[in-house]
Amino acid sequence: MKISFTINSRKRDLELQPNETLLNVLRKNGLTEVKSGCEEGECGACLVLLDGKPVNSCQVLAMSVRSKKITTVKGIGTLHSPHIIQKAFAQGGADQCGFCSPGMVLAAYSLLQKNPNPTREEIAEGLDGNLCRCTGYVKIVEAVHEAASKLRNEKSQAE
Amino acid sequence: MLPNSIQWYFPTKVKEAAKLIHKDGIILHGGGTKILEPQPRSSVKGLVDISALGLNYIKVTGNIVHIGSGATFADVVAWSRDKKRLTVLSDSLSHAASTPLRNRITIGGSIKDFPMWSNLYAPLLALDAKIDIIGERSGIFSLEEYATSPLIKSKHLVREIRVVEKHDIRSGVKIFHVVRFEYPIFTIAAACTMDKNIVRDARIFVTGVKKKLVRLVTAEKVFRGHSISDELINSAANQVSLTFVPDYKFGAAYKEKVAKVYFKDLLREIKESIR
Amino acid sequence: MFKYVKHSVEKIDGLALVTGEEHYTNDFSFRNMLYVSILHSTFPYAKIEDIDDSAARAMDGVVEVLSYKNVKKILYTTAGQGFPEPSPYDSVLFGDVMRFVGDNVCAVAAETKEIADAALAKVKVRYKQLKPVLDFEKAEGSSTVIHQDDGAFPKIPVFYDASKNIAAKVEAEVGNFDDAFAKSPKKIEHQFYVPYASHCALEPHAAVSYLDFRGRLVIISSTQVPFHVRRIVSVVAEIPVSKIRVIKPRIGGGFGGKQEVLLEPIVALVTWRTKRPAKLVYSRKEVFTSTRTRHQYRTTFKVGYNKDGAINALHLDALENSGGYGSHALTVLANAGSKTLPLLNKIQNLKFTGRGVYTNLPVGGAYRGYGATEAYFGYGQIVDMVCEDTGCDIVEYYKKWTIKSGETSPIFKALGEGKEGVAMIVTSTSLNECIHVGAKLSGWYEKRKLYGGDFNKGKRDKRGIGMVALMQGSAIPEIDMASAYMKMNDDGSFNLMVGATDLGTGSDTVLAQIASEVLDTPVEKFIVTSSDTDHTPFDTGAYASSTTYLSGHAVKKCAESIKNQILKVGADLLTVSIGEVEVEESRVVVRRKGKQDHHQEVSFAEICQSSLYQKNQFQIQATASHVSPKSPPPFAAHFIEIEVDTFTGIIKLLNYVATVDCGTPINPVLAEGQAEGAIVNGIAYALFEDYYFSPQGILLNDTFGKYGMLTAHDIPPITVKLVDSFEESGPFGAKSISEININGALPGIANAFFNATGKRLHRAPFMPEYVLSVINE
Ligand SMILES: Cc1cc2nc3c(=O)[nH]c(=O)nc-3n(C[C@H](O)[C@H](O)[C@H](O)COP(=O)(O)OP(=O)(O)OC[C@H]3O[C@@H](n4cnc5c(N)ncnc54)[C@H](O)[C@@H]3O)c2cc1C
Ligand code: FES
Ligand code: FES
């Protein structure tokens, strides 16, 4: 059956089975920027924003979120117009293999939306669902910190 | 794995939902995190999603906090931190699973499912929460009764959890896990109702034990009518006996040992908070 | 001094990664593709008497079932190593003997993954269970022989005795250990255990294959070793090398786990037989059980020393659990000695004995650290013990006794990889500087004294600080080969093709920086293609800490050859002699009397256009290969501060300082990232990671949640400081950095624990229950 979702601000009708996870549905429909690292809710590679909130798409039955807004990492910035967080990740060496990055960037994005000036402890809590085996998290936490301050500057300049 | 033939229902009325689950093989869908656990679920024929039932609330009437079964762990943590109320709940639930999972895991699903690693039960039991259910048995029950009787196994929908908020209560929670994102091995929560610095009533619960849940009745008695002192804590701890199931990471005796240490730590913290 | 090297250039694939543009193996799908699922053995040791796949084949959508019944049994090793491999040929793609829970029974290819999975349940397997060996200390000479009558043999002339379950044996001695030990006034003997571990690369192993327009087989794979994949698939699937192309897309981490040829031959066979694309992606559980692991080890150290702390004699005996097959058994074992023993090179009498034994447990393989991690747990502690016992300051001790520039260790020659090693003189080290800087950054002197004194008396939470010095290697000398190819384009840009395999380490960027430095041209001008066996030249692959040092050297040579060609064309265009020109900022300029004449210059673009279109036409291009005559060790010093809850046994890390000598860090941020990642993996391995088995040999904690992965929440403050040295034999002075830093946590934390409690840890991981038992001993 076809069910409609709003993905990265675009309305899309996706083919799905009633027992399928959102992760499967997204990937099958070409949204391969959503990664699959465990399918058990334990790595965060599949993280997407559901109505703005981070969820593990492998832990969500697609049918249960029909007609909701879904944001993947491409929804917050693209290669040609990257988000400040994405730039901070790339510049700060927060991405090694990059497999955790789409989920990690979205988790950071959601955190900074709620809390524009997080402490290191709060950053760590915001990223507690995202595993990274490459970086040891040091540069990831730094990049989020850096991005937060850039975003605050940008905001205060706009005001 | 769920069969690909399952039916979805999206009722908008609680009664409608409660009726749907009377049929065999039709179950409620809260956050779906338990339902998605990798195990065969060929008996499941239908899922009744609760998200349109209007149960996703946390509201206060008088001194009663009502937590709708559709509220997520994240909702409860945010509310509790923001309002600085029932902080034992945010202290506990902020340690459950992870940020993205807490955005999905619902109170209702977690109450009905009651996993060994639950972060939810011990603090709610300590706070003497009530549960409002509708189904084979309907009504308002104490959560303690619900969890320790066949009620929990009956077919029903959890409508809400109620906690009476008292200002003379001191409560706290301790969770044992070695890394952040790991299933808790046990959770201990305690709530003491105080008359100045005298304990009028105490409720102390441990989850993750062999029987899943145990109330430390003898320890509670030690404190009742007294002010909490280190001697009292030690003597209460000596009377605590907990039976755990060994697992591949920890032996039963070790778990009990740590549980006693945490028990003392917890009561000492409560003691400190009174001063 | 350098313009592009030693600069933290942004990774060339960075933005594409963080915006989700890059593709990993599982992101490739093809029309008409089949999905493959594997049936794994549920018994640790069993003979398959019969497989009946008729019910599975009868299912709608099932296209092919592969098992020993229809796949030829060709002995090979799954280890992705150079040829002939030092690992025994003891594996077949599908056999009729299952040697561990997770071994491959058969593969089903079907129209969808769901059908393939469902079909697995319909395959009827009749097993005859055999008595397994589940304790590696009892494997040698056990009545259960794990490789029996299967023809398993060593491909190279080394000791191998399957009848005694010995997969590998390594022995070496310099001086006379027994004699010197007997004469030593002081002696200690200690035994240490380290557990199995999973690499936990976030991307599970995956392979996709299809036939190209001309019927050649294309394999896209999450591999560290594309050229070994091509060679090995050719052998086991019986497809000529000329008909195989292996493409390595982006890889989601490897750490050694993908230096193994496991999935590729299976998809290859499915595609070759059905002519249809095929995809196989392992589940996380399969990655834990059926791919490769870090070998479980027992190490025994016997040390004889004098009252002043001078060690006369040291014997390291290592027992390695190879699991059901001997992948990397020999070489990991050898490295347990060769990457530790040369560190204190003044010890005259050294002995190394090691055996790798078969068991009916998961298979070991390559894992960051490769034997060194396993051995440093004990090595780093016995140094602390000797110092403790003789009143030496461990920091000064290391400064005095470790190998220095201009020195050698006889171990380099005595312990090679399946053959004699290569004698080598160390020509670069800043280890003493590392130790000095690390001691300062960590507050070593004050804290060591403080915690060793009354500070901890009567406290529940006790603090301690420990340190350890480390070395590793850079590439396998006279065995590994890397090559690079470069060509110049009209606009002065270059294609750089390397067989070196970027797994997320950033090696594409690092290699581009090396070429940049040679040609004085920005990194953006290099279009890097890594690892496509049709388009990039050979490289042994990403392992043995070789990419920057070895492949980097090949790139440097290649770029130098390009530079010569550019200079020649440039000089010609400027009508001067080649001796009068030099390369500067993407131009060739004339230099007269040591001064540049800026009126006489020609841009790279003009040079290339001339060479392609105008005069003496030719393609400016070059290729270069490199084999290293040595494996210069990187060095490091780690300082770790901990707090132990003596009531629960929980160890909390308070601070971690690592100072690292990787020669010249070509890209400091990426180098730090390698160190930080290794450190955190090392901490996790020291404190939490383990494989727990049921009495039936079934892995119990086969998910991330049960395994106990660290999140950003669990890490202590980590400071990594690079302390450069200059390695003449490396590109622009570089050595390796990727592996060494995983070795520090085990001994460093254990030493800190001793400082805090006066007790020694002999068993990893330091789970609180074990730690508490040690405290209460
Ligand atoms: C990786 C992972 C880690 C976890 N870690 C923790 C942890 O640390 N601590 C912790 O406490 N929990 C943890 N959990 C959550 C826990 O294991 C359960 O999955 C969760 O509590 C189920 O809640 P849910 O809302 O997703 O329920 P669902 O999966 O939707 O449902 C669970 C059960 O409850 C029933 N149900 C759902 N809603 C209702 C309702 N309103 N009334 C009656 N019955 C209902 C369903 O029919 C089903 O039988 C973790 C889960 C995962 C996947
Ligand atoms: S794939 Fe969803 S959490 Fe790992
Ligand atoms: S960068 Fe590889 S997992 Fe995070």
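The dialogue below is about reading salt bridges in a predicted model.

Colleague: What should I keep in mind about the numbering and the thresholds?

Modeller: Residues are numbered from 1 along each chain as its sequence is written, while chains are lettered from A and ligands numbered from 1 in the order in which they are written. Because the model is predicted, local features need pLDDT of at least 70 and side-chain atom pairs count only at pLDDT 80 or more, whereas totals for chains, interfaces and linings use all residues; side-chain values use heavy atoms, with hydrogens and water left out.

Colleague: How many salt bridges are there over all chains?

Modeller: Side chains of opposite charge can pair when their charged atoms come close. With a salt bridge taken as a side-chain nitrogen of Lys or Arg within 4 Å of a carboxyl oxygen of Asp or Glu, the count over all chains is 89.

Colleague: Which parts does the pair Arg355(C) and Glu140(C) tie together?

Modeller: Arg355(C) and Glu140(C) form a salt bridge at 2.7 Å, N to O. Arg355(C) lies in strand β15 (a DSSP run of E, at least two residues; helices are runs of H or I, at least four, and both are numbered from the N terminus), and Glu140(C) in the loop between β6 and β7, so the pair links parts 215 residues apart in sequence.

Colleague: Is Glu641(C), the partner of Lys447(C), buried or exposed?

Modeller: Lys447(C) and Glu641(C) form a salt bridge with their closest N and O atoms 3.0 Å apart. Glu641(C) is buried at 5% relative accessibility, and Lys447(C) is partly exposed at 25%, where buried means under 20% relative accessible area, exposed over 50% and partly exposed in between (1.4 Å probe, protein chains only).
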